[in-house]
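Take a first look at the model shown here. We will go from a single residue out to the whole chain.

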Amino acid sequence: MSHVQHGSSFVDGSWIEDPSASSMLVINPATEQVIGEVEFASTELADRAVRAAHAALPGWSATDPQERIRLLRAVVATMRERQDELTEIIVAEVGMARTLAYFQQVGEAINAFEDAADYLPEALAPGQIGN
């Protein structure tokens, strides 16, 4: 597995360099080899991300349910295409057995997105809860 490095944060639709950020090496617990480096955003950038998410909420809330379903299914398709790659990342990062990583970590994440797509129409349907 090659060394993965992310030296910026995705905020408000763009990759943003954060000169105040700190970083941490990701170590494979089985080999003690460095497999990546991740950034910890500064408080200022985290606040900026929260403000951007808050500002985006009305637009996302107005998004047609069929479009949301399409996006969720696209996530599912991409994760299935990359399931082996995602599994190898988890194996290296956590030291988990490959079969468990494949089915439990990646497979269950795929299932969660798929379930969200399947149940979204029912969840957004008008109705009364309780009496």
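Is Asp 12 buried or exposed? The model is a predicted one, and in it Asp 12 has 63% relative accessibility. The cut-off for exposed is over 50%, so Asp 12 counts as exposed.

Now place this residue. Asp 12 sits in the loop that runs between strand S2 (9–11) and strand S3 (14–16). Its backbone deserves a look. Most residues other than glycine have a negative phi. Asp 12 is not a glycine, yet its phi is positive, at about 55 degrees.

Move on along the chain to another loop. Strand S4 (22–27) and strand S5 (34–40) have a loop between them, and Glu 32 lies in it. Glu 32 also has a positive phi, about 60 degrees, although it is not a glycine. How exposed is Glu 32? Its relative accessible area is 65%. That is over the 50% cut-off, so Glu 32 is exposed.

The next stop is among the helices. Helix H3 (83–94) and helix H4 (98–124) are joined by a loop that holds Ala 97. Ala 97 has 44% relative accessibility. Partly exposed covers the range between 20% and 50%, so Ala 97 counts as partly exposed. Look from Ala 97 to Thr 87. The two are 10 residues apart in sequence. From C-alpha to C-alpha, they are 9.5 Å apart in space.

Step back to the whole chain. What does it contain? There are four helices and five strands. Their order along the sequence is β-β-β-β-β-α-α-α-α. The strands are read before the helices.

Next comes overall shape. The chain has 131 residues, and a compact globule of that length would have a radius of gyration near 14 Å. This chain has 19 Å instead. Its C-alpha trace spans about 55 × 40 × 30 Å along the principal axes.

How much of the chain is buried? Of its 131 residues, 24% count as buried. The chain exposes about 9300 Å². Carbon and sulfur atoms supply 56% of that area.

Contacts tell another part of the story. Take those between residues at least 6 apart in sequence. Of these contacts, 52% join residues at least 24 apart.

Finish with charge. The chain carries 8 positive and 20 negative charges. The mean positions of the two sets are 6 Å apart.

Terms used
Residues are numbered from 1 along each chain as its sequence is written. This is a predicted model: local features need pLDDT of at least 70, side-chain atom pairs count only at pLDDT 80 or more; totals for chains, interfaces and linings use all residues. Side-chain values use heavy atoms; hydrogens and water are left out. Helices (H or I, at least four residues) and strands (E, at least two) are DSSP runs, numbered from the N terminus. The radius of gyration is taken over C-alpha atoms; the globule rule is 2.2 Å times the number of residues to the power 0.38. Buried means under 20% relative accessible area, exposed over 50%, partly exposed in between (1.4 Å probe, protein chains only). Contact means heavy atoms within 4.5 Å. Accessible areas come from the Shrake-Rupley method with a 1.4 Å probe; for residues, only the protein chains shown count as cover. Lys and Arg count as positive and Asp and Glu as negative; His and the chain ends are not counted. The place of a charge is taken as NZ of Lys, CZ of Arg, CG of Asp or CD of Glu.
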